[in-house]
Amino acid sequence: MTQLHHFLSVRQIADQQLLKDLFAAAEKFQKEPEQNNSLHGKVLASLFYEPSTRTRFSFESAMLRLGGQYISMQNAVQDSSAKKGESLEDTIRVVCGYADCIVLRHPENGAAQRAAKVSSVPIINAGDGAGEHPTQALLDLYTMQKELGGVDNLTIALVGDCLHSRTIHSLVQLLTLYEGVTLYLVSPPQLRLPKEYLGNFREISDLKEVLPVADVVYMTRMQKERFSVKEEYERLKDSYAFGANELEQLKKTAIVMDPLPRVHTVSSDIDHDKRAAYFRQAHNGLFVRMALLEYLLLS
Ligand code: NCD
């Protein structure tokens, strides 16, 4: 497949080859953690208009571990010239002169696409509103592959806020590249997946139905910041608590994932269980992002 310049959406990935290559590179970084200098002399700009812990730090750590450096704006709404009224496009036109790659998180759908139109350096979409979060989907699949030996033929339940969760929007589309996946989308009826995301899945509301059959239970929090009616959030936020009772009904070989932060989703009571994979999942983000940075900056 042709080399990607930007990474804006999982729709840019048409077959499994790129995933295989990235995951093989990630696996190598994970197995051989010694310092590598492949990105020596390169600068990453992280430009974040929304809060982040894992995504920003793992990209920055990935850059450092590859011998590169980063410049970082962690609260660009307040601290960048956006506050003075500068357009996203103008900010990008300037920042791409200072960096070799820009990781962008922004509250508007399509922001990464807009940035890519005016950027001379690769743009990585680190979350565009309730749109997509394509690098999270990469690390989610890498995690399933590592934990369960592959993704084909798995029964997977994506649970929570299917309407607003950008991690679900990206993952649901990438899962169509695998064979024999049985996919359940578990959400309250008001929070179903938007129609623009295609795939072969069953929509249900009751988590209990899938617990005995799932290989992967992927929990997501209700995306409070995307609700226009706050009472609606309050009503729905506890829809899918996952604790010891739920764990008991899971297969011994299943895993529980969560892109984190966990807010009214997974109880810390189950952290000790080996099926609780969410912190390993977050850790995997480092290696997958190392692989992605090398791919975009060196190929
Ligand atoms: C997710 C996000 O920002 O969309 N966080 C992350 O990157 N792991 C999930 C979320 O905020 O619920």
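**Figure 1. Phe279 and its aromatic partner.** Phe279 is partly exposed, at a relative accessible area of 45%. The coordinates shown here and in the other views belong to a predicted model. Three aromatic pairs turn up when the whole structure is searched. In one of them, Phe279 meets Tyr278 edge-to-face, with 5.3 Å from centre to centre and 65 degrees between the planes. An angle over 60 degrees counts as edge-to-face, so the 65 degrees of Tyr278 and Phe279 puts the pair in that class. Tyr278 counts as buried, since its relative accessibility is 1%, whereas its ring partner Phe279 is partly exposed.

**Figure 2. Helix H6 against helix H7.** This view is about how two helices pack. A pair of packed helices is described by two values, the angle between the axes and the distance between them. For H6 (residues 134-148) and H7, the angle is about 55 degrees and the axes are 8 Å apart. That makes the arrangement of H6 and H7 oblique, and the crossing is right-handed. If you would like to trace the contact yourself, look on the H6 side for Pro134, Gln136, Ala137, Leu138, Asp140, Leu141 and Met144. On the H7 side, the contact is made by Thr167, Ser170, Leu171 and Leu174. Sorted by class, the residues in this contact of H6 with H7 are seven nonpolar, three polar and one charged.

**Figure 3. His169 and its surroundings.** Here we stay with H7, which spans residues 166-174 and includes His169. His169 has a relative accessibility of 0% and counts as buried. What surrounds His169, once its neighbours within four places in sequence are set aside? The contacts are Ala130, Gly131, Cys162, Leu163 and His164, together with Leu193, Pro194 and Tyr197.

**Figure 4. Phe59 in helix H2.** Our last stop is Phe59, a residue of helix H2 (residues 54-65). With a relative accessible area of 0%, Phe59 is buried. Apart from neighbours within four places in sequence, Phe59 is in contact with Leu44, Val103, Ile124 and Thr135, and also with Arg289, Leu292 and Leu293. For a sense of scale, take Asp215 as a reference point: 156 residues separate Phe59 from Asp215 in sequence, and their C-alpha atoms are 29 Å apart in space.

Methods: Residues numbered from 1 in each chain as written. Predicted model: local features only at pLDDT ≥ 70, side-chain atom pairs only at ≥ 80, totals over all residues. Heavy atoms only, no water. Phe/Tyr/Trp six-rings, centres within 6.5 Å; stacked < 30°, edge-to-face > 60°. Buried < 20%, exposed > 50% of the residue type's maximum accessible area, 1.4 Å probe, protein only. Helix = DSSP H or I, 4+ residues; strand = E, 2+ residues; numbered from the N terminus. Contact = heavy atoms within 4.5 Å. Axes fitted to C-alpha atoms, helices over the stretch in contact; angles between N-to-C directions. Parallel < 35°, antiparallel > 145°, perpendicular 65-115°, else oblique. Left-handed = near helix turned anticlockwise from the far one by under 90°. Nonpolar A, V, L, I, M, F, W, Y, C, P; charged D, E, K, R; others polar.
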